[in-house]
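Student: I would like a careful look at one part of this model, with each criterion stated as it comes up.

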Amino acid sequence: MVLKLIMIGDVVGEPGLAVLEKLLPSLIRDEGADFVVVNGENAAAGFGITETDKTRILNAGADIITTGNHVWEKREFWPVLDAEGGERILRPANYPGKPVGRGWKLIQKNNVPWVVINLQGRELMTPIDCPFRAFSCVETLGAQATEIHPLLDTEGTIPDLLKETGAIVLVDFHAESTREKEALGFYLDGRAAVVAGTHTHVQTADERVLPRGTAYITDLGMTGVSGGVIGMDAAVCQDRARTQVLYRMTCAVPTPAQPSELQGILVEIDRETGKAVSIRRLRVS
Ligand SMILES: [Fe+2]
């Protein structure tokens, strides 16, 4: 039996939310997707996510929302990460200490256990805990893990979680460095069904199934206005880059010439082995 997974890149602002609501339901139906992961860390006008944004993304068809460094932007959203029902949204697992929210989640859907793990990179970003060790911690402790702590890591452990539950393991690696992303992809090859990068908002053309059966792409891209700069207004981004003044970025506005796009991947996964069969880029407008 082959399972179909859709993972969607960072939803940027109202244009991203609107195109997600317009296109994701039909995409799920047409592709026969069994499970959908959407990164929503930029849904709130490019910075963070609100409770309304969360509801809109879930109603559009996401089974779970992943995030990244921008998840902390809206202070009023923090309780939602911990709240009843907040289990369908993740923040990166490898933040030190005990921040609110959850970094990974096991979701049963149609008798298939899906484990979604949200990790964040450290290269060219805030130096949080090691994402490699954080994955191993989740993998080793499985359902017993109530928090992620890198000291509990045992690197190189056999994937007990996958073995014991037959779970399909998905990773959203929110990271800047292509080197760090590819390294994690190979590190998790055979231990996760999918390692998909997010954060740069630029979809990469390196999707492939790694030798031990992990589908990999360095970045899913973004869901928003394709003609802007990472979904934001190009003029403001130029001013910021030229002057190094942190002018407030606003979302790009969709036009016929620069419409909103939905970007991500479609992955086929063998239910019996938990390994990827194929990976295909999605870019729909
Ligand atoms: Fe983002």
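In which order do the six strands of the open sheet stand, and what is the pairing?

Tutor: Before the order itself, a word on the basis: this is a predicted model, in which local features need pLDDT of at least 70 and side-chain atom pairs count only at pLDDT 80 or more, while totals for chains, interfaces and linings use all residues. Residues are numbered from 1 along each chain as its sequence is written, and side-chain values use heavy atoms, with hydrogens and water left out.

The order of the open sheet is 5-6-7-8-10-9, and the pairing is mixed. Strands here are DSSP runs of E with at least two residues, and helices are runs of H or I with at least four residues, both numbered from the N terminus; two strands count as paired if DSSP finds at least two bridges between them. In general, strands of a sheet pair through backbone hydrogen bonds, either parallel or antiparallel. Strand 5 and strand 9 (208-209) stand at the edges with a single partner strand each, so one side of each has no neighbour in the sheet.

Starting from the edge at strand 5, the pairing with strand 6 is antiparallel and runs over six bridges, with Lys109 opposite Val112 in strand 6. The hairpin of these two strands has two residues between them, and Asn110 takes a positive phi near 50 degrees there. Asn111, which lies in the loop between strand 5 (104-109) and strand 6 (112-120), also has a positive phi, near 65 degrees, although this residue is not a glycine. Asn111 counts as exposed because its relative accessibility is 73%; exposed means over 50% relative accessible area, buried under 20%, and partly exposed in between, with a 1.4 Å probe and protein chains only.

Strand 6 itself is mostly covered, with nine of its nine residues buried. In a regular strand the side chains alternate between the two faces of the sheet. For strand 6, both faces are covered: on one side Val112, Trp114, Val116, Asn118 and Gln120 are buried, and on the other side Pro113, Val115, Ile117 and Leu119 are buried too.

Going on along the order, strand 6 pairs with strand 7 (residues 168-174) in the parallel sense over seven bridges, and Gln120 stands opposite His174 in strand 7. Further along, strand 8 (residues 194-198) and strand 10 (residues 215-217) run parallel and are joined by three bridges; there Val194 faces Ala215 in strand 10.

As a last point outside the sheet, the iron ion is coordinated by Asp10 (OD), Glu41 (OE), Asn42 (OD1) and His201 (NE2), at 2.0 to 2.3 Å. Donors are N, O and S atoms within 2.8 Å of the metal (3.2 Å for Na, K and Ca), and because water is not among the atoms, sites may look incomplete. Among these donors, Asp10 in strand 2 (residues 10-11) and Asn42 in the loop between strand 3 (35-39) and helix 2 (51-59) are 32 residues apart, a pair that links distant parts of the chain. Asp10 and Asn42 are both buried.
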